[in-house]
Amino acid sequence: MSSQLTPAIVFDPVTGLDMRDVAVRPAGPGEVAIEVRAAGVCHSDLHIVSGDWPADRPLVLGHEAAGVVTATGPDITSVQPGDHVVLSWFAPCRRCNRCAAGQAWLCTGTKALANTLPNGSTPFTGADGAEVWPYLGLGAFTGRLVVPESAAVRVPDELPFDIGALLGCSVTTGVGAVMNTADVRPGQSAVVIGTGGVGLSVVMGLRLLGADPIVAVDLSAERLALARRFGATHTLDGAEDVAVWCQEHLGGADYAFEAIGSPKVIETLPRMLAPGGAAVLVGMTPTGSTGSFDLFDLADQGKRILGCNYGSSVGEVDIPKLARLYLSGLLPLDELVGRTRPLAEAAQAFADLRSNTGARTVLRP
Ligand SMILES: NC(=O)c1ccc[n+]([C@@H]2O[C@H](COP(=O)([O-])OP(=O)(O)OC[C@H]3O[C@@H](n4cnc5c(N)ncnc54)[C@H](O)[C@@H]3O)[C@@H](O)[C@H]2O)c1
Ligand SMILES: [Zn+2]
Ligand SMILES: [Zn+2]
């Protein structure tokens, strides 16, 4: 089989965002070729476009996607052509100590963060013959791509592709933050600051596990209305002093989830907490950000700060589990799919994200 041309949304650090044709090479050993059917637009793509996370090479953006397996490398056993898959953007190496300990979200051997496949290569080549690299090892804003086997998680055929796409990042991260990172119990209180695709998924996870009350905070009234539909019992405008509100009305929250990536907001989390409470850092700040907390209060009140990569999820376990929860009606993910747009409207999809329009915009290649 030879390379195939496919349109792709590329962020080039010199020339910016554009749509161009790239050639995708066939799947090699340990790899799977995928036809992408839907790809959500996540703030982690926008962090690249906005320069929060500087890119040093042209990247095919997109890391929240679902599709169909079209071909497999010689040694692949977990999927076959025709299978529906959700793509995991943190493809674990399955060999490091963290992977062996069942903590794939902490894998130290993954090449995803280096924006390459596990062997250091890219499947994409531009028209000029120059390499174009897969963001987070996927590069899903394209019609076709090649991923490592551990990034292609099989899901039931009846799972809609738009929903599958959101399972690739926002839902697995947000619901996982609640179920895995925090391990919230029924009746515990929680505040969620930032209710985009990730924060709304946190709210959904809290409702699923029976947290109460669930306080959602955002600057967008539209997003807060969605948060109510997903289970928030209270909503607050982000301009309010949320910490004061939490102490006055809850005696402090058991959990405070940050799903923006704002150092200033993160610094306010411990003041929202009850003694023994935990702040969960889900939002990703610009690289190099630092923050400060009242250290005496943290120690004296036994407060905790929990980092949360990918919802502390093991893709091959958690993604099928979330798919089953959706299919049995326990996660209202249909309403998390906002506008759907063709790939050519990626720039408008980023504008949707910047302006907090609707829920999650999904691109359909
Ligand atoms: N931990 C992970 O593994 C992981 C995975 C995916 C995304 N993320 C990160 O999570 C964050 C959220 O992603 P998203 O796609 O949901 O983004 P988004 O842009 O859709 O949502 C962010 C929300 O925060 C709100 N907001 C902004 N400033 C605010 C403030 N001061 N007070 C209250 N609300 C405010 C916005 O109105 C918006 O609704 C990003 O930083 C993203 O990179 C982390
Ligand atoms: Zn994401
Ligand atoms: Zn590993």
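This note goes through a predicted model point by point, from its metal site to its strands, a pocket and some unusual backbone angles.

1. **Zinc site.** The zinc ion (ligand 2) has three protein donors: Cys 42 through SG, His 63 through NE2 and Cys 169 through SG. They lie 2.0 to 2.3 Å from the ion. Along the chain the donors follow the spacing C-x20-H-x105-C. His 63 and Cys 169 link distant parts of the chain, 106 residues apart. His 63 sits in the loop between β4 (59–60) and β5 (65–72). Cys 169 sits in the loop between α3 (161–167) and α4 (170–182).

2. **Cover over two of the donors.** Are His 63 and Cys 169 buried or exposed? His 63 has a relative accessibility of 0%, so it counts as buried. Cys 169 is at 4%, and is therefore buried as well, since the cut-off is under 20%.

3. **Strand β3.** This strand spans residues 31–40 and is mostly covered, with eight of its 10 residues buried. It pairs antiparallel with β9 through five bridges. There Glu 31 stands opposite Pro 148. It also runs antiparallel to β5, joined by seven bridges. In that pairing Glu 35 has Val 68 as its bridge partner. With β18 (residues 360–364), β3 forms two bridges, again antiparallel. Here Ala 39 is matched with Leu 363.

4. **Strand β6.** Which way do the side chains of β6 point? His 84 and Val 86 point one way, Val 85 and Leu 87 the other, and all are buried. β6 pairs antiparallel with β5 over three bridges. In this pairing His 84 stands opposite Val 68. Val 68 is also the bridge partner of Glu 35 in β3. β6 pairs with β10 too, antiparallel and over three bridges. Val 85 is set opposite Arg 154 there.

5. **Barrel.** Which strands close into a barrel, and in what order? Five do, in the order β1-β2-β7-β8-β4, and the pairing is mixed. One of the parallel pairings is that of β4 with β8 (residues 131–134), over two bridges. Val 60 stands opposite Pro 134 in β8. Strands of a sheet pair through backbone hydrogen bonds, either parallel or antiparallel.

6. **Second largest pocket.** Its volume is about 410 Å³. It is lined by 25 residues, and the closest to its centre are Pro 92, Cys 93, Pro 118, Pro 148 and Ser 150. Of these, Pro 148 is also the residue opposite Glu 31 in the β3 and β9 pairing. The lining divides into 12 nonpolar, eight polar and five charged residues.

7. **Ala 151.** This residue lies in the loop between β9 (144–148) and β10 (152–154). Its relative accessible area is 0%, so Ala 151 is buried. What does Ala 151 contact, leaving aside its neighbours within four places in sequence? The contacts are Val 86, Leu 87, Ser 88, Ala 91 and Leu 138. Val 86 and Leu 87 are themselves buried residues of β6. Asp 18 is 133 residues from Ala 151 in sequence, and 26 Å from it in space, C-alpha to C-alpha.

8. **Positive phi.** Most residues other than glycine have a negative phi, and most peptide bonds are trans. Where does this model depart from the first habit? Arg 94, not a glycine, has a positive phi of about 65°. It lies in the loop between β6 (84–87) and α2 (97–100). At 42% relative accessibility, Arg 94 is partly exposed. Asp 183 also has a positive phi, near 60°. It belongs to the loop between α4 and β11 (190–193). At 36% relative accessibility, Asp 183 counts as partly exposed. Both values fall between the 20% and 50% cut-offs, so neither Arg 94 nor Asp 183 counts as buried or exposed.

9. **Cis peptide.** The bond between Asp 212 and Pro 213 is cis, with omega about -5°. Pro 213 is in the loop between α5 (197–209) and β12 (214–218).

How values were computed. Residues numbered from 1 in each chain as written. Chains lettered and ligands numbered in written order. Predicted model: local features only at pLDDT ≥ 70, side-chain atom pairs only at ≥ 80, totals over all residues. Heavy atoms only, no water. 1 Å grid on protein atoms, 1.4 Å probe; cavity = no way out; pocket = protein on both sides within 12 Å on 5 of 7 lines; lining within 4 Å. Points joined across faces, edges and corners; volume = space filled by probe spheres on them. Nonpolar A, V, L, I, M, F, W, Y, C, P; charged D, E, K, R; others polar. Helix = DSSP H or I, 4+ residues; strand = E, 2+ residues; numbered from the N terminus. Buried < 20%, exposed > 50% of the residue type's maximum accessible area, 1.4 Å probe, protein only. Contact = heavy atoms within 4.5 Å. Donors = N, O, S within 2.8 Å, 3.2 Å for Na, K, Ca; no water. Pairing = 2+ DSSP bridges.
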